[in-house]
Amino acid sequence: MQLRVFEEPTGLVCEISDLKGRIDLPRRQWLAAVREEIGKIEGIARSAGCNEMRLGGRAWSRVLPDYEPLGGVTNGLRKALR
């Protein structure tokens, strides 16, 4: 996994790219584990002062329903961190 933090006019953005790995769990447990880990990353980004998360590549929209589409990125998603 690669994390990149950059500044835009709206504030700091944290971007997750090149997310790889395998979690051998049944579907519901897999879903819970992925959401928990993404939540941890969001917490770290929030603590670092980021106000937005972005990711793309894999079709994560069904896994992370609280994210919204991000144009210009294959399967791009974004979430405001509050």
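How do the residues of the lining of the largest cavity divide into nonpolar, polar and charged? Hold that thought for a moment. This is a predicted model, so keep that in mind throughout.

Here is the answer. The lining of the largest cavity has 6 nonpolar residues, no polar ones and no charged ones. Their names are Ile16, Leu19, Ile38, Leu55, Trp60 and Leu64. The volume of this cavity is about 30 Å³. And how many cavities of 30 Å³ or more turn up in the whole structure? The search finds 1.

Now the largest pocket. Its volume is about 360 Å³. There are 18 residues in the lining, and Leu19, Lys20, Gly21, Val34 and Trp60 lie nearest the centre. You have met two of those names already: Leu19 and Trp60 also line the largest cavity. The pocket lining divides into 10 nonpolar, 3 polar and 5 charged residues.

Which elements supply that lining? Strand 2, residues 11-17, gives at least two residues, and so does helix 1, residues 27-47. Helix 1 provides the largest share, with 5 residues.

Next, salt bridges. The search of the whole structure finds 9. I will walk you through three of them.

Start with Glu15 and Arg4. Their closest N and O atoms are 3.1 Å apart. Glu15 sits in strand 2 and Arg4 in strand 1, residues 2-8, so this pair ties together parts that are 11 residues apart in sequence. Are these two buried or exposed? Something in between. Glu15 has 23% relative accessibility, so it counts as partly exposed. Arg4 has 44%, so Arg4 is partly exposed too.

Next come Arg78 and Glu52. Their side chains meet in a salt bridge at 3.0 Å, N to O. Arg78 belongs to strand 5 and Glu52 to strand 3, residues 50-55, so the pair ties together parts 26 residues apart in sequence. Arg78 is partly exposed, because its relative accessibility is 25%. Glu52 is buried, because its relative accessible area is 8%, and the cut-off for buried is under 20%.

Now for Asp66 and Lys79. In this salt bridge the closest N and O atoms are 2.7 Å apart. The pair links distant parts of the chain, 13 residues apart: Asp66 is in the loop between strand 3 and strand 4 (68-69), and Lys79 is in strand 5. Asp66 counts as partly exposed, at 45% relative accessibility.

Why does Lys79 count as buried? Because its relative accessibility is 16%, and buried means under 20%.

Let me stay with Lys79. Find it in strand 5, residues 77-80. Which residues does Lys79 touch, leaving aside those up to four places away in sequence? They are Glu42, Asn51, Glu52, Met53, Asp66 and Tyr67. With two of these, the Lys79 side chain makes polar contacts through their side chains. One is Glu42, at 3.0 Å. Another is Asp66, at 2.7 Å. You know Asp66 already, as the salt-bridge partner of Lys79. Glu52 is familiar too, from the salt bridge with Arg78.

One more point on salt bridges. Some of them share partners. That joins Glu8, Glu52, Arg54 and Arg78 into one network.

To recap: the largest cavity has a lining of 6 nonpolar residues. The lining of the largest pocket includes 5 charged residues. And Lys79, although buried, forms a salt bridge with Asp66.

Notes. Residues numbered from 1 in each chain as written. Predicted model: local features only at pLDDT ≥ 70, side-chain atom pairs only at ≥ 80, totals over all residues. Heavy atoms only, no water. 1 Å grid on protein atoms, 1.4 Å probe; cavity = no way out; pocket = protein on both sides within 12 Å on 5 of 7 lines; lining within 4 Å. Points joined across faces, edges and corners; volume = space filled by probe spheres on them. Nonpolar A, V, L, I, M, F, W, Y, C, P; charged D, E, K, R; others polar. Helix = DSSP H or I, 4+ residues; strand = E, 2+ residues; numbered from the N terminus. Polar contact = N/O pair within 3.5 Å; in protein donor to acceptor, adjacent residues only side chain to side chain. Contact = heavy atoms within 4.5 Å. Salt bridge = Lys/Arg side-chain N within 4 Å of Asp/Glu carboxyl O. Buried < 20%, exposed > 50% of the residue type's maximum accessible area, 1.4 Å probe, protein only.
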